[in-house]
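Here is a short tour of a protein chain, starting with its charged pairs and moving on to the rest. Keep the picture open while you read.

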Amino acid sequence: MAEEKTRVDFNAPKSLVERADSVVEILDISRTRLLIDALEDELEDLANDEEFRRRLSDAYYGGRVDYDTVEAILGREEAMRMKLLRASIDRTPAVPQLEDDLPSDDTYYDGEISEWADSDSSQSDDESHAR
């Protein structure tokens, strides 16, 4: 099924139109075909241009363009990556909340509290005493 078409009407410098008409004569194609090919080439170049991609991502993360626009320009995989990244940026980190007060040390440890000792220093002390 052929894609729906939209009529585009614009003004261009006369010299540019004359150059385009010379090219279409040589290539034996229509002016419309030349313009469509040129647009497709330019859009593909922009999709691979780092500066354009940065500007597009800024527009997407800033809410100035939507997901469908990004997908149309960069493709589904890249648009989905940006969508996931934006979702992770927008997420508020969970802050643990205590429902009650903190337990006392006696309640928490339930018995004698052992003390931490550096195992390396105790071994080296043992070794120094063995000599």
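## Charged pairs first

Let's start with the salt bridges: the count comes to seven in this chain. Keep in mind that what you're looking at is a predicted model. The general idea is simple: side chains of opposite charge can pair when their charged atoms come close. Here are three of the pairs, with the distance from N to O.

| Salt bridge | Closest N to O distance |
|---|---|
| Asp21 and Arg31 | 2.8 Å |
| Arg53 and Glu78 | 3.3 Å |
| Arg54 and Asp58 | 2.7 Å |

Take Asp21 and Arg31, whose closest N and O atoms are 2.8 Å apart. Asp21 sits in helix H1 and Arg31 in helix H2 (residues 31–47), so this pair ties together parts that are ten residues apart in sequence. How buried or exposed are the two ends? Asp21 is partly exposed, with a relative accessible area of 26%, and Arg31 is partly exposed as well, at 42%.

Next come Arg53 and Glu78, whose side chains meet in a salt bridge at 3.3 Å. Arg53 belongs to helix H3 (residues 50–61) and Glu78 to helix H5, so the pair ties together parts that are 25 residues apart in sequence. Arg53 is partly exposed at 22% relative accessible area.

Is Glu78 buried or exposed? With a relative accessible area of 19%, Glu78 counts as buried, because the cut-off for buried is under 20%. You'll find Glu78 in helix H5, which covers residues 76–90. The side chain of Glu78 also makes a polar contact, at 2.5 Å, with the side chain of Arg81.

The pair of Arg54 and Asp58, at 2.7 Å, stays within one helix. Both residues lie in H3, four residues apart, which is about one turn of the helix. Arg54 is partly exposed at 41% relative accessibility, and Asp58 is partly exposed too, with 37%. There's a third member here: salt bridges that share partners join Glu51, Arg54 and Asp58 into one network.

## Stepping back to the whole chain

So what is the chain built from? It has seven helices and zero strands, and read from the N terminus the elements go α-α-α-α-α-α-α. Of the 131 residues in the chain, 11% are buried. The chain exposes about 12300 Å², and carbon and sulfur atoms supply 49% of that area.

How much of the contact count comes from residues far apart in sequence? Looking at contacts with a separation of 6 or more, 21% are between residues 24 or more positions apart.

For one example, look at Tyr61 in helix H3. The C-alpha atoms of Tyr61 and Arg86 are separated by 6.4 Å, though the two residues are 25 residues apart along the chain. Setting aside neighbours within four places in sequence, Tyr61 is in contact with Met82, Leu85 and Arg86. Tyr61 is partly exposed, with a relative accessible area of 30%.

## A helix with two sides

Now find helix H4, residues 67–74, where Tyr67, Val70 and Leu74 are buried. These three cover an arc of only 65 degrees around the axis, which puts them on the same side of H4. What does the face turned away from that buried side carry? There you'll see the exposed residues Asp68 and Ala72. Just after H4 comes Gly75, which has a positive phi, near 100 degrees.

## An unusual angle and a greasy patch

As a rule, most residues other than glycine have a negative phi. Asp28 goes the other way: its phi is positive, near 60 degrees, and it isn't a glycine. Asp28 lies in the loop between H1 and H2, and it counts as exposed at 70% relative accessibility.

Finally, look at the surface for a nonpolar patch. Val8, Phe10 and Leu35 make one of about 300 Å². Phe10 is found in the segment before helix H1, which runs over residues 14–27.

Notes:
Residues numbered from 1 in each chain as written. Predicted model: local features only at pLDDT ≥ 70, side-chain atom pairs only at ≥ 80, totals over all residues. Heavy atoms only, no water. Buried < 20%, exposed > 50% of the residue type's maximum accessible area, 1.4 Å probe, protein only. Contact = heavy atoms within 4.5 Å. Areas by Shrake-Rupley, 256 points an atom, 1.4 Å probe, with all protein chains shown as cover. Patch = residues over 30% accessible without salt bridge, like charges linked within 9 Å, V, L, I, M, F, W, Y side chains within 5 Å. Salt bridge = Lys/Arg side-chain N within 4 Å of Asp/Glu carboxyl O. Arc of directions from axis to C-beta. Polar contact = N/O pair within 3.5 Å; in protein donor to acceptor, adjacent residues only side chain to side chain.
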